[in-house]
Amino acid sequence: MWWGGRGQSFNVTPQKEEPEMGLSGPKSVQGSGMPEPRSHQLGSCLASGCLPGEQILAWAPGVRKGLEPELPGTLICSNLRVTFQPCGWQRSEETPLSSEYDFSLANIGRLEAVNGLSRVQLLRPGSLLKFIPEEILIHGQDFRLLRVGFEAGGLEPQAFQVTMAIVQARAQNSQAQQYAGITLSKAGQSSGSRKPPIPLLETSEDWEIERKKQGARGWRVSTVNERFDVATSLPRYFWVPNRTLDSEVRRAFGHFHQSRGPRLSWHHPGGSDLLRSGGFYTASDPNKDDIRVVESMLQAGHSDVVLVDTMDELPSLADVQLAHLRLRALCLPDSPVAEDKWLSALDGTRWLDYVRSCLRKASDISVLVTSRVRSVVLQERGDRDFNGLLSSLVQLLSAPEARTLLGFQSLVQREWVAAGHPFLTRLGGTGASEEAPVFLLFLDCVWQLLQQSPAEFEFSEFFLLALHDSVRVPDTLTFLRDTPWERGKQSGQFNTYTQVYTAGYTQPPAGNSVNPQLSVWDWDLRYSKEQILQFHNLGYDPEHCPDSWLPRQQPSFMVPGPPSSVWLFSRGALTPLNQLCPWRDSPSLLAVSSRWLPRPAISSESLADQEWGLPAHWGACPLPPGLLLPGYLGPQIRLWRRCYLRGRPEVQMGLSAPTISGLQAELAHLQELLRKWTPRISPEDHSKKRNPNTIMSQSR
């Protein structure tokens, strides 16, 4: 998590029945020699902050280092997490998972034990510690660092025991079982039913409400995948053209990879439609009727169709993973890179280059969507990674409603969670080789937009950080599954489909279509009211009303028939195509290599800079109100320091602390630096010495 309880007071209500603490669990703990009164006192204190099913494996007194001042406290290892509990601090029962001192076992990326100046041991799951550590370093995959030094004076065995407990807990940890039902159990203790903060898009009613909200009159909610028998990676419901029957949808989707055929992603108020689709399955042999249906769905009733080769100019999954690993290694406090070469090393990670590529392509697509009425189809082979990234960014750039707090959460739920992004696999939860943090790349892109246009966004950087960290704290199923089928609810027709329920939580009656499983959007179960208030951007301009930026109108172009023009958007330019599908006279440009057509060189200008770069018959049109065009040249793309450099507190000063006390501390720190760096002043200026305004003006 991204902030903790330092300086906060927490009231803990004693529980009548303490959960099992496992104080007699590991033999090493029994023989620790810890004085019995202290054991009982600490055990009672820890019990108040335990989660359902959590067992304390070991603990040791220590000092958290790397901060000023250093914090004395206790390092605790349980079967779910590693926690540092400062002396005198008690965890709030209302927010059991919202401390910066918590590291879920799944979040631990590297564990190091240190003894002296030169003895350092990297501890992998199942390793054997070779010495009694003086301190340990826990590197989180979310870029946080927990550095704890242990006290001497007869307590060395405890340091050994808690370190080995962490090693063993990581070896036995199963992310699929970790935190199962923690938040759900907490919510189950509250009275009455709980309404999701945003529609989870698990019912046809949710999809119909969203369709009407977007004004997509030419579309309807299809139930063809209600039993997940078309594709388990697709949601149970999605939008298809009004004129297309579900039987036709089923046949058409079979001619796309993973049966992920074209469907509406977002309807622009001006009339354009943004679709997403998997790649054409060229090995199939569709008949003429199937080809007609596929073309009709891609056309979506428009006279102009633009196919977007999603992966063109974007990094591969392997590229994203390698860049993220390099970035994390570079941002570690003990990075071997010299300070004068750090920026060059940052460029060498390619992470910012990939952020730049995503923003540039999303900017061009938003121009295509907003400039004229047309069908724009994002086509990616698997349709589960960069299609979601680009579709989300296009909506953020084009629709002010998506920049509100609720609108952004709904966007992520629809384009990532419901659309079947494989979160567990991409974040390394399955051990597969397809790990690549595409969603974290998307959050970085959003942060760039927030920095460039802060008045346009209702949510703050701290909301993005909370969402960034939530993927590593698996307390809900939102990021713990790869498909809607896996995280969905049980259906009577599926014998192989198992619903995830927690013991003690009431199962809904048969026929009830509402899934009580909580989601990551239930922030109030994990964060305090004060923390949630920081999700709101104080610089947001409320006059950016989502309903006033562009009139919602239904265009009159919705007529059947073949499109009058078909285009491929690739490498920043449009190329005319002879057909939409690959099963006629010539192969598809998106299914096979398109070298047989002349391809324009990559332009240094964006589509908007090239006089829109659109066909002549589309004509020129001004930028519509509400459209953001991001900057992506040179220093316009910046490092997300508050996220990636959290393990280095010395560089966090001056990053606009979220509280008044934090701002005061930063101001005092800056004044101290100015006092050290400002040359000695003359006696007549002595009276101005303590005036921060004077010092600031002198330093310019």
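In this predicted model, the buried residues of helix α15 are E461, F462, F463, L464, L465, A466, L467, H468, D469 and S470. These are 10 of the 10 residues of the helix, which spans residues 461–470, so α15 is largely enclosed by the rest of the structure. The packing partners of its buried residues are α12 (405–417), α14 and α18 (641–644). At the N-terminal end of α15, S460 acts as a cap, with a side-chain oxygen placed 3.3 Å from the backbone nitrogen of F462.

One residue of α15, L464, leads on to the nonpolar interior. The largest nonpolar core has 83 residues, and L464 belongs with L389, L393, L396, F408, F439, F442 and L464's other fellow members to the group that touches the most other members. The helix that gives the most to this core is α14 (residues 438–452), with 11 residues. L396 shows how such a residue is surrounded: once its neighbours within four places in sequence are left aside, L396 is in contact with A402, R403, F408, L411, F442, V446, L449, F457 and L628. Another core, of 35 residues, lies apart from the largest one and includes A216, V249, I291 and V377.

The next element to follow is a sheet. Eight strands form an open sheet in the order β4-β3-β2-β1-β8-β7-β5-β6, and their pairing is antiparallel. Because β4 (102–104) and β6 (119–122) stand at the edges with a single partner strand each, one side of each is left without a neighbour in the sheet. On average, and with direction ignored, neighbouring strands of this sheet are turned by 30° against each other. Within the sheet, the antiparallel strands β7 and β8 are joined by five bridges, and H139 has L145 in β8 as its bridge partner. Helix α3 (residues 156–172) packs on the sheet, where it touches β1 (56–65), β2 (71–78), β3 (81–86), β5 (108–115), β7 and β8, and the direction of α3 makes about 115° with that of β1.

Charged side chains add a further set of links. Side chains of opposite charge can pair when their charged atoms come close. The structure holds 24 salt bridges, and one of them returns to the sheet, with the side chains of R147 and E135 meeting at 3.1 Å, N to O. Since R147 lies in strand β8 (residues 145–150) and E135 in strand β7 (residues 135–140), the pair ties together parts that are 12 residues apart in sequence. How do the two partners sit with respect to the surface, buried or exposed? R147 is partly exposed, with a relative accessible area of 31%, whereas E135 is buried, at 10%.

A second salt bridge joins D290 and R251, with the closest N and O atoms 2.8 Å apart. D290 belongs to helix α7 (residues 288–299) and R251 to helix α6 (residues 246–253), so that distant parts of the chain, 39 residues apart, are linked. D290 counts as buried at 7% relative accessibility, while R251 is partly exposed at 36%.

In a third salt bridge, between D383 and R260, the closest N and O atoms are 3.0 Å apart. This pair, 123 residues apart, links D383 in the loop between β14 (375–379) and α11 (386–398) with R260 in the loop between α6 and β11 (263–267). D383 and R260 are both buried, and they belong to one network, joined by salt bridges that share partners, that takes in E210, R260, R263, R276, D383, R414 and E415.

Technical notes
Residues are numbered from 1 along each chain as its sequence is written. This is a predicted model: local features need pLDDT of at least 70, side-chain atom pairs count only at pLDDT 80 or more; totals for chains, interfaces and linings use all residues. Side-chain values use heavy atoms; hydrogens and water are left out. A salt bridge is a side-chain nitrogen of Lys or Arg within 4 Å of a carboxyl oxygen of Asp or Glu. Helices (H or I, at least four residues) and strands (E, at least two) are DSSP runs, numbered from the N terminus. Buried means under 20% relative accessible area, exposed over 50%, partly exposed in between (1.4 Å probe, protein chains only). A nonpolar core is a set of buried Ala, Val, Leu, Ile, Met, Phe, Trp, Tyr and Cys residues joined through side-chain atoms within 4.5 Å. Contact means heavy atoms within 4.5 Å. Two strands pair if DSSP finds at least two bridges between them. Axes are lines fitted to C-alpha atoms, for helices over the stretch in contact, and angles run from 0 to 180 degrees between N-to-C directions. A polar contact is a pair of N or O atoms within 3.5 Å; within protein, one must be able to donate a hydrogen and the other to accept it, and residues adjacent in sequence count only if both atoms are side-chain atoms.
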